[in-house]
2 protein chains.
Amino acid sequence: MFKVSKKSQYGLRAMVYLAKKDSKEFFSLKDISGKESIPFDFLEKIMSELEKVKLVKAKKGIQGGYVLARNPERITAKDIVSALENTTAVDCSFCGKSKKCLTKNVWRKIDVAINKTLKSMTLSDLIS
Amino acid sequence: MFKVSKKSQYGLRAMVYLAKKDSKEFFSLKDISGKESIPFDFLEKIMSELEKVKLVKAKKGIQGGYVLARNPERITAKDIVSALENTTAVDCSFCGKSKKCLTKNVWRKIDVAINKTLKSMTLSDLIS
DNA sequence: ATAAAGCCGACAAGAATTGTCGGCTTTTAA
DNA sequence: TTAAAAGCCGACAATTCTTGTCGGCTTTAT
Ligand code: FES
Ligand code: FES
C-alpha cells in the first residue's frame with residue numbers, strides 16, 4: 001500500500017534521462033534501458049504509454065527513439081505517473097451502503113496530498 | 001499504486017466504530033464485522049495486529065471483545081495504518097548504483113506528504 | 001462444565017505487478 | 001532496393017501482494 005511501483009520508477013527515470021539531454025535528439029530504448037538499468041521489454045511498454053498521452057514523441061527506424069514532446073518545465077511528475085497508473089486512490093465497496101462515512105475523508109485527503117505533491121514538481125525542477 | 005488496501009480500510013472503520021462508542025465496554029469481532037460489513041476472519045487478523053501494537057485491548061471469553069487502549073484523541077490514522085502496513089513507500093533497487101538520484105526526491109516528498117496527512121487526523125477528529 | 005469469545009499458524013484464491021516473447025511495421029542508410 | 005535498426009502490439013508467463021478461509025487451541029464468564 002502506497003508503495004511506488006517499478007513502472008512509475010522506471011517511467012520517471014526514463015523521462016528524467018531524456019530531460020537531462022534536453023535536445024531534439026532521439027534516444028533509443030536500448031540506450032535508455034542500458035543507461036538506467038531498466039528491463040528493455042518493460043520499458044518499451046512504458047514509453048509506448050507515455051507516447052499515447054503525448055508526453056514523448058517516437059520515431060521508428062535507424063536513428064529513431066524517443067524525445068520529450070514538450071519542454072521539461074511543462075512536464076510534471078503527475079503527468080508521468082497519471083499516464084502510467086490507474087490513479088483512483090480509494091475504491092471502497094462499502095461507500096454505497098454507509099450514509100455518511102467517517103473514514104472517507106482520510107483517504108480523500110491523502111489523495112489530494114499525493115496529487116498536489118506530484119503536481120508541484122516538473123522535470124525541469126528535478127534536473128536542476 | 002497508492003491504492004488504499006482493504007486491510008487499512010477495514011482497520012480504520014473498525015477503530016472508528018470503537019471510537020464512536022467511546023466507553024469501557026468491549027465489542028466483539030462478531031459485532032464489529034456485522035455492523036461494518038467486514039469479513040470476520042480477516043477482521044480477526046487485523047484486530048490482532050492492532051492489539052500487538054497496543055492500540056486496542058482484547059478480552060477473551062464471554063462478554064469479551066475489543067476496546068480502544070487509549071483516548072480517541074490520542075490515536076491517529078497514522079498509528080492505525082502503520083500498524084497494518086509495511087510502510088516503506090520507496091524500495092528502489094537502483095538506489096545503490098546511482099550516485100545522486102534525481103527522482104528519489106519525488107518519492108520522498110510523497111512519503112512525507114502521506115505521513116503528515118495521516119498524522120494530522122485523530123479518531124476523535126473523525127467522529128466529531 | 002460449557003459456551004462464547006479471542007489467538008494463532010497455515011494455507012488458498014484472486015488480483016496486481018513485473019517481465020518476456022514473437023511477429024509486425026516503419027524508417028534510414030548503404 | 002534491400003537490410004538492419006528501431007518502435008508497435010498483443011498475448012502471455014512469473015512472481016508477488018492482497019484478501020480471505022480454516023481448524024484447532026486457549027481463556028473467561030456464567
Ligand atoms: S464507506 Fe467507503 S470509504 Fe468509508
Ligand atoms: S535510484 Fe533509487 S529512487 Fe532513484
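Which atom of DNA strand D is 3.5 Å from an N or O atom in the side chain of B:Lys60? It's a sugar or linking oxygen. Keep in mind that you're looking at a predicted model.

Let's stay with the DNA for a moment. Five residues come nearest to strand D out of the 25 around it: A:Leu29, A:Glu44, A:Ile62, A:Tyr66 and B:Lys45. Of the strand's atoms that come within 4 Å of the protein, 64% belong to sugar and phosphate. Two of those residues are worth zooming in on. A:Tyr66 has a polar side-chain atom 2.4 Å from a phosphate oxygen of strand D, while A:Glu44 places a polar side-chain atom 2.5 Å from a base nitrogen.

Where does this surface come from? Chain A gives two or more residues from each of α3 (40–52), β1 (56–59) and β2 (65–68), and chain B does so from α1 (6–21) and α3 (40–52). By type, the surface near strand D has nine nonpolar, seven polar and nine charged residues.

Now follow A:Leu29 into helix α2 of chain A, residues 29–36, where A:Leu29, A:Ile32, A:Ser33 and A:Glu36 are buried. Look down the axis of α2(A) and these buried residues fall within an arc of 95°, so they line one face of the helix. Here's the general idea: an α-helix has 3.6 residues a turn, so residues three or four places apart point the same way. Among what covers the buried residues are α1 (6–21), α3 and β2 of chain A. Flip to the other side of α2(A) and you'll find A:Lys30, A:Gly34 and A:Lys35 exposed. After α2(A) comes A:Ser37, with a positive phi near 50°.

Definitions and conventions: Residues numbered from 1 in each chain as written. Chains lettered and ligands numbered in written order. Predicted model: local features only at pLDDT ≥ 70, side-chain atom pairs only at ≥ 80, totals over all residues. Heavy atoms only, no water. Near = heavy atom within 4 Å. Polar contact = N/O pair within 3.5 Å; in protein donor to acceptor, adjacent residues only side chain to side chain. Helix = DSSP H or I, 4+ residues; strand = E, 2+ residues; numbered from the N terminus. Nonpolar A, V, L, I, M, F, W, Y, C, P; charged D, E, K, R; others polar. Buried < 20%, exposed > 50% of the residue type's maximum accessible area, 1.4 Å probe, protein only. Arc of directions from axis to C-beta. Contact = heavy atoms within 4.5 Å.
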